[in-house]
Amino acid sequence: MTDHDSVYDGLLGSDTSHWAFGQGRETSPSEDPLAGVDSTLPEGVDGAELAAYCLMLGDDALVLSHRISEWCSRAPDLEDDIALANIALDLLGQARLLLARAAAADPGIAPSLPAGSPVPPEDALAFFREAGEFRNARIMELPNGDFAHVVVRVLLASSARLAIMERLAASRDHVLAAVAAKGVKELTYHRDYAGRWFLTLAQGTDESRRRLLAALDLVWPLYAEMFAAHPVEVSLGEAGVGVDPTTVADEVDVVLEQVFAMSGVERPERQPLAGVRGRLGRHGLHTEAMSLLLAQMQVVARAHPEGRW
Amino acid sequence: MVTAYAVAASVTDPEMPMLTLEDLGVLRDVEVAADGAVVVAITPTYSGCPAMATMRDDLVHRLHDAGYDDVRVRVELSPAWSSDWITERGRRALAAHGLSAPGPAPQPDTSGPVPLNLLPRRRDLRCPQCGSAEVELTSEFGATACKALYRCTACLEPFEHVKEI
């Protein structure tokens with residue numbers, strides 16, 4: 001019937017390099033996002049501890065990225081849809097580098113997959129861990145609400161992350177320092193975006209203000225947890241490799257006070273969401289929403305552990 | 001035989017094909033390793049830049065076609081890419097294709113925290129279609145991570161602006 005095997009044959013002659021992926025490739029260049037990057041451990045640093053730290057920052061970015069990506073095609077207008085998708089993409093990029101760094105620092109940290117599986121270590125960490133193995137703060141996993149909710153969450157999370165990344169750019173670990181230096185530029189845009197919308201909604205209509213205040217009330221109990229230091233953060237902070245988040249809490253407060261003051265919003269007085277016997281997101285304690293989020297995020301990868309994408 | 005650098009420098013960006021990787025400033029280094037392999041260093045514009053894999057593939061294939069059999073592409077994360085690295089030729093190519101080139105990137109003030117900016121970023125731009133300075137920002141985020149959206153209030157055409165980072 002046909003004299004060729006694929007409907008695409010003949011479209012581009014024999015030059016298969018027109019295809020971005022797949023078809024007829026003779027070589028498969030390494031997809032390692034850290035290919036060729038010097039991954040030597042800084043002197044005196046334990047690989048397992050560095051890996052645990054990278055998971056914390058990486059999981060924050062991964063889980064928040066997933067939540068923000070759920071907004072794709074649902075934002076109030078096209079510009080904000082694109083803005084949220086861009087923010088999610090930046091965070092996903094940060095997550096990929098940080099999870100790859102975790103696996104390079106401690107290869108044992110990535111879940112093991114069947115022999116011959118093409119899944120790279122950062123994907124194994126993203127798609128094959130259980131909720132209790134994730135180290136993100138719980139503010140990242142909170143289910144989405146309305147547009148005001150995502151504005152408040154991005155404002156609080158990006159303000160904290162920006163302050164941490166600014167300090168992390170001086171890390172003795174060259175990979176973390178490089179990821180952070182780049183992250184600072186991206187997070188500056190994210191925080192400004194959320195801050196402007198916070199102000200706009202607060203000073204907009206009665207309805208926009210009502211919704212903003214309701215969202216702030218809902219998200220605020222998860223704010224303090226971002227500054228509750230895990231022992232790994234304290235230890236690596238002292239070693240000049242990581243950042244102890246308690247050291248940035250005041251600075252982030254000042255930023256938020258600025259936004260609240262311009263918006264005519266009172267700082268909420270709600271109590272932080274409790275942990276269980278001192279355990280919080282950084283220890284692997286999560287809300288019910290986390291399992292549902294992971295079920296959706298991981299289902300395809302888990303159904304095809306040997307799939308090539 | 002064309003030099004490996006010349007080949008690598010002529011590969012174009014998959015998302016902004018009017019720019020070569022050299023013009024965009026993502027091509028950081030091309031060297032021949034001790035074992036004879038060509039080692040190309042590239043840096044991502046943004047952490048999540050989805051074009052990195054395609055750039056890597058394109059570099060390998062173009063160098064293969066030019067007769068370089070052993071090609072390795074490595075990632076250079078530091079220093080972080082800056083829009084200041086877009087060459088003059090790159091800026092002219094952007095303008096010729098209706099895109100507005102970035103102004104000078106903000107210099108990091110290392111003396112204190114990054115200041116919060118609740119007002120729309122002011123940029124001194126002209127519409128790449130009609131040259132009018134009467135332009136307004138539609139969104140700080142565009143179709144790719146590196147662009148913002150504008151519209152010209154004189155000719156009413158929308159256009160993209162490559163962001164300063």
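This tour moves through selections in chains A and B of a predicted model, from a helix of chain A to the empty spaces and then to the loops and annotated spans.

**Helix α8 of chain A**

Begin by selecting residues 249-263 of chain A, which form helix α8. The helix comprises 15 residues, and the distance from its first C-alpha to its last is 21 Å, close to the 21 Å expected at 1.5 Å a residue. Next, colour the buried positions of this helix: A:A249, A:E251, A:V252, A:D253, A:V255, A:L256, A:V259, A:F260 and A:S263. In an α-helix, residues three or four places apart point the same way, because there are 3.6 residues a turn. To see what the buried residues of α8(A) pack against, display three further helices of chain A: α4 (147-168), α5 (174-202) and α6 (206-219). Then step just past the end of α8(A) to A:G264, where phi is positive, at about 65°.

**A:L216 in helix α6**

Centre the view on A:L216, a residue of helix α6 of chain A. Is A:L216 buried or exposed? Its relative accessible area is 3%, and the cut-off for a buried residue is under 20%, so A:L216 counts as buried. Leaving aside residues up to four places away in sequence, A:L216 touches A:V152, A:F198, A:F260, A:V265, A:E266 and A:P268. One of these, A:F260, is also among the buried residues of α8(A). For a distance check, pick the C-alpha atoms of A:L216 and A:L156: they are 9.6 Å apart in space, although the two residues are separated by 60 positions in sequence.

**Enclosed spaces**

Turn now to the cavities. Rolling a probe the size of a water molecule over the atoms shows where empty space is left. The structure contains four cavities of 30 Å³ or more.

The largest cavity has a volume of about 150 Å³. Of its 17 lining residues, select those closest to its centre: A:D60, A:M140, A:A157, A:R161 and A:M226. Four helices of chain A, namely α1 (47-69), α2 (78-105), α4 and α5, each contribute at least two lining residues. Which helix gives the most to this lining? The answer is α4(A), with six residues. Sorted by class, the lining of the largest cavity holds twelve nonpolar, two polar and three charged residues.

Move to chain B for the second largest cavity, whose volume is about 90 Å³. Its lining can be selected in full as B:D13, B:E15, B:M16, B:L24, B:T45, B:Y46, B:C49, B:P50, B:M55, B:T144, B:A145 and B:C146. Eight of these lining residues are nonpolar, two are polar and two are charged.

**The second largest pocket**

Bring both chains into view for the second largest pocket, with a volume of about 760 Å³. This pocket is lined by 25 residues, of which A:V184, B:Q107, B:P108, B:D109 and B:V114 are the closest to its centre. The most is given to the lining by α5(A), which supplies six residues. The class counts for this lining are twelve nonpolar, six polar and seven charged.

**Backbone features in loops**

Three loop positions merit a stop. Most residues other than glycine have a negative phi, and most peptide bonds are trans.

- Select A:R277, in the loop between α8 and α9 (288-303) of chain A. Its phi is positive, near 45°, and with 81% relative accessibility the residue counts as exposed.
- Select B:L156, in the loop between β6 (147-152) and β7 (158-162) of chain B. Although B:L156 is not a glycine, its phi is positive, at about 70°. Its relative accessibility of 66% places B:L156 in the exposed class.
- Select B:S78 and B:P79, which are joined by a cis peptide bond with omega near 0°. B:P79 belongs to the loop between β3 (71-75) and α4 (88-96) of chain B.

**Annotated spans of chain B**

Finish with two selections taken from unreviewed UniProt annotation. The "domain: MIP18 family-like" is listed for residues 10-64 of chain B. This span is 33% helix and 20% strand, and its end C-alpha atoms lie 14 Å apart. The "domain: PaaD zinc beta ribbon" is listed for residues 120-163 of chain B. Here the end C-alpha atoms lie 13 Å apart, and the span is 0% helix and 36% strand.

Conventions:
Residues are numbered from 1 along each chain as its sequence is written. Chains are lettered from A and ligands numbered from 1 in the order in which they are written. This is a predicted model: local features need pLDDT of at least 70, side-chain atom pairs count only at pLDDT 80 or more; totals for chains, interfaces and linings use all residues. Side-chain values use heavy atoms; hydrogens and water are left out. The expected span of a helix is 1.5 Å times one less than its number of residues. Buried means under 20% relative accessible area, exposed over 50%, partly exposed in between (1.4 Å probe, protein chains only). Contact means heavy atoms within 4.5 Å. On a 1 Å grid over the protein atoms alone, a cavity is a set of points where a 1.4 Å probe fits but cannot get out, and a pocket is an open set with protein on both sides within 12 Å along at least five of seven lines; lining residues have an atom within 4 Å of a point. Grid points are joined across faces, edges and corners, and a volume is the space filled by probe spheres set on the points. Ala, Val, Leu, Ile, Met, Phe, Trp, Tyr, Cys and Pro count as nonpolar, Asp, Glu, Lys and Arg as charged, and the others, Gly among them, as polar. UniProt positions are given in the numbering used here, feature names are shortened, and annotations may be inferred rather than shown by experiment.
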